[in-house]
Amino acid sequence: ASSPPSSSFTFLATMTVKRRSHGRNKKGRGHVKRVRCASTGKAIPKDKAVTRFIVRNIVDASSMRDIRDASAYEAYALPKLYIKQYYCIEAAVHQRIVRSRSAENRRNREPPARFQRR
C-alpha cells in the first residue's frame, strides 16, 4: 500500500449548508430533550419541532348555545381548551402548517403577519 502524496497545505472542503441554524434553535446547548409529534408520534428535538398553540372552546358552537340556554347563570364564560402541539418537519410540511420558502425568503427571520380578528 502506497501512502498519499504529502502536500504543504491541507484542503478541507466544507459542505454547502441550507440553513445557518441547521434547522434548529439550540445554539450552544449541546443536547435538547425530545418531544413527540402530534401527527406521526415521531420523537424530535424540542428546538427543531414546529410548535403550534391551539386555543379552542371545549364544546362546539351548537352545544354552546344549548348550554347557554339551560344555564342558571346569565353571563357564564365556558372555559377554553389550551393545547400546545409539536410537529415534526415532515408532518408540518405535509399538513401545510409550514411551507417551503425560496433561498432568498429563508433569510427572512421575521415571523409571518398575524391575521386580524374581527
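**Group meeting: an arginine, two cysteines and a tyrosine pair**

Okay, let's start with Arg96, which sits in the loop that runs between helix H2 (89–94) and helix H3 (103–106). Keep in mind that this is a predicted model. Arg96 comes out as exposed, at 60% relative accessibility. Now take Leu81 as a partner for comparison: along the sequence, Arg96 and Leu81 are 15 residues apart, and in space their C-alphas are 23 Å apart.

On to the cysteines. How many disulfides are there by the distance rule? The count is zero. You may well look at Cys37 and Cys88 and wonder, so here's the reasoning. The cysteine sulfur closest to that of Cys37 belongs to Cys88, and it's 3.7 Å away. The cut-off for a disulfide is within 2.5 Å, so that gap is too far for a bond. Seen from the other side, Cys88 is in no disulfide either, with the Cys37 sulfur as its nearest cysteine sulfur. And are these two buried or exposed? Cys37 is buried, at 5% relative accessibility, and Cys88 is buried too, at 1%.

Last topic, the aromatics. Searching the whole structure turns up two aromatic pairs. One of them I can describe: Tyr73 and Tyr76 have ring centres 6.3 Å apart, with the planes at 35°, so we call that pair tilted. For that label, the planes have to be neither under 30 degrees apart, which would be stacked, nor over 60, which would be edge-to-face. Both tyrosines are exposed: Tyr73 has a relative accessible area of 62%, and Tyr76 is at 51%.

Technical notes
Residues numbered from 1 in each chain as written. Predicted model: local features only at pLDDT ≥ 70, side-chain atom pairs only at ≥ 80, totals over all residues. Heavy atoms only, no water. Phe/Tyr/Trp six-rings, centres within 6.5 Å; stacked < 30°, edge-to-face > 60°. Buried < 20%, exposed > 50% of the residue type's maximum accessible area, 1.4 Å probe, protein only. Helix = DSSP H or I, 4+ residues; strand = E, 2+ residues; numbered from the N terminus.
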